[in-house]
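Let's take a friendly walk through a protein chain, one piece at a time. Keep the picture in view and look for each part as we come to it.

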Amino acid sequence: MSVQPNCESCPVHLKGNLKRLGIDMEKVDYVVALAGNPNTGKSTVFNNLTGLRQHTGNWPGKTVGRAEGVFGYNDERYKVVDLPGTYSLLSTSTDEEVARNFILFGRPDVTVIVADATRLERNLNLVLQILEITDRAILCLNMMDEAKRNHVNIDIRSLSRELGIPVIPTSARRRSGMTELVDMISQVASGKYVCKPHKVRSRSPQIKHAIDNLSKKLMDAFPGLPNADWVALRLLEGDQSIIEAMQNGSLGELVPVENEVQ
C-alpha cells in the first residue's frame with residue numbers, strides 16, 4: 001500500500017514492530033520528552049509516533065496544556081510527553097519553566113529536540129541549553145525537505161560529532177526519517193547508544209568553585225535533587241523562579257515530578 005506524503009491519517013510503516021498505543025498509559029518502560037522551538041514540526045513528530053491520539057490536560061498547578069501519548073517498539077512501551085514550544089530554558093515564562101522543569105527534574109529517559117533544519121543556527125541555542133542538563137538527547141533535524149528546497153546543506157555526521165549526540169534528519173509531514181528516529185530513541189533509552197554531549201567548558205575556576213560549594217549545600221537541603229550543578233548555576237545567575245522555589249521549599253517538591261507522568 002502506498003503512503004501519501006501529506007496524509008496525516010495514514011499509518012506509518014516502520015520496521016521493528018512499532019505500535020501506536022494512543023493514550024494507553026499503563027506500564028510504560030521509558031519516558032520520552034519532545035522539546036523544541038515553536039513551529040519546528042514538533043506536534044507532527046508527536047502525532048507520527050503516537051498515532052494522532054493524545055491525552056491532553058494541564059501541567060499540575062499550571063494553565064499550560066500538555067499532551068501525552070504512547071507507542072510500542074520491539075516489545076517495549078514508550079510514553080511521549082510533548083513539552084511546550086520554547087526558545088530558551090533560561091527565561092521566566094511559564095511555558096519555558098514547564099519545559100525546563102520536566103527535563104531537569106522529571107529525568108526523561110530520552111529528550112528528543114526537534115529543530116527546524118532551515119533555521120538551524122537559531123534552534124541551536126535551545127539544543128545547547130538542553131545538553132547542559134541531560135546526557136540522553138537526540139536532535140531530530142526536521143523539515144529537511146524544506147531545507148533541500150532552499151539549498152540548505154547540512155553535514156549531519158559533523159553536526160552529530162560536534163554536539164556529541166545522534167542527529168536524525170526527518171521530514172515529519174512526509175514521515176521521512178521516522179523509522180530512524182524511533183530506532184534511535186530505543187537505542188538511547190536502553191543505553192545501547194551512549195551520548196557524549198557537548199557542554200560549556202569556559203567557566204572560570206572561581207565560578208566552578210562557587211558552583212561546587214552551592215551544589216553540595218543544595219544536595220544537603222534537597223536530597224536526591226537532580227542536576228544540582230545546573231540548579232546552582234541558575235541560582236548564581238539570579239534565576240528568580242529557582243530562587244523562589246528554594247526559599248519556599250517547593251524545589252524539593254520538584255524532585256519526584258517524574259512520577260506525575262508515568
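## A strand and its partners

Which residue in E5 is the bridge partner of Val 32? In this predicted model, the partner is Val 80. That link belongs to a set of five bridges joining strand E2 (residues 30-36) to strand E5 (residues 76-82), and the two strands run parallel. E2 also has five bridges to strand E6 (residues 110-116), again in a parallel arrangement. Within E6, Gly 36 has Val 114 as its bridge partner.

Now look at where the residues of E2 point. In a regular strand, side chains alternate between the two faces of the sheet. Here, Tyr 30, Val 32, Leu 34 and Gly 36 point one way, while Val 31, Ala 33 and Ala 35 point the other way. Are these residues buried or exposed? All are buried, and E2 as a strand is mostly covered, with seven of its seven residues buried.

## Aromatic rings

A search of the whole structure turns up two aromatic pairs. One of them is formed by Phe 71 and Tyr 78, and this pair is stacked. A pair of aromatic rings is described by the distance of the centres and the angle of the planes. For Phe 71 and Tyr 78, the centres are 4.9 Å apart and there are 5° between the planes.

Both Phe 71 and Tyr 78 are buried. You have already met Tyr 30 in E2; Tyr 30 joins Phe 71 and Tyr 78 in one aromatic cluster.

## Two helices to trace

Helix H3 (residues 120-131) has twelve residues and reaches 16 Å from its first C-alpha to its last, close to the 16 Å expected. Its buried residues are Leu 120, Asn 123, Leu 126, Val 127, Gln 129, Ile 130 and Leu 131. What do the buried residues of H3 pack against? They pack against E2, helix H2 (94-106), E6, strand E7 (137-142) and helix H5 (156-163).

Further along, helix H6 (residues 178-190) has 13 residues and reaches 18 Å from end to end, counted between its first and last C-alpha, close to the 18 Å expected. The buried residues in H6 include Met 178, Leu 181, Ile 185 and Val 188. Just after H6 comes Gly 191, which takes a positive phi of about 90°.

## Where H8 meets H9

Next, find helix H8 (residues 228-236) and helix H9 (residues 240-247), whose axes come within 8 Å and cross at roughly 110°. Because of that crossing angle, H8 is roughly perpendicular to H9. Val 231, Arg 234 and Leu 235 in H8 meet Ile 242, Ile 243 and Met 246 in H9.

Let's pause on Leu 235, a residue of helix H8. Why does Leu 235 count as buried? Its relative accessibility is 12%, and buried means under 20%. Leu 235 touches Leu 214 and Leu 218, as well as Ile 242, Ile 243 and Met 246, leaving aside residues up to four places away in sequence. Leu 235 and Ile 211 are 24 residues apart in sequence, and their C-alpha atoms are 9.3 Å apart in space.

## Stepping back

Finally, take in the protein chain as a whole. There are ten helices and eight strands in it, and buried residues make up 51% of its 262 residues. Among contacts between residues at least 6 apart in sequence, 73% join residues at least 24 apart.

Note on methods
Residues are numbered from 1 along each chain as its sequence is written. This is a predicted model: local features need pLDDT of at least 70, side-chain atom pairs count only at pLDDT 80 or more; totals for chains, interfaces and linings use all residues. Side-chain values use heavy atoms; hydrogens and water are left out. Buried means under 20% relative accessible area, exposed over 50%, partly exposed in between (1.4 Å probe, protein chains only). Helices (H or I, at least four residues) and strands (E, at least two) are DSSP runs, numbered from the N terminus. Two strands pair if DSSP finds at least two bridges between them. The expected span of a helix is 1.5 Å times one less than its number of residues. Rings of Phe, Tyr and Trp (its six-membered ring) pair if their centres lie within 6.5 Å; planes under 30 degrees apart count as stacked, over 60 as edge-to-face and the rest as tilted. Axes are lines fitted to C-alpha atoms, for helices over the stretch in contact, and angles run from 0 to 180 degrees between N-to-C directions. Angles under 35 degrees count as roughly parallel, over 145 as roughly antiparallel, 65 to 115 as roughly perpendicular and the rest as oblique. Contact means heavy atoms within 4.5 Å.
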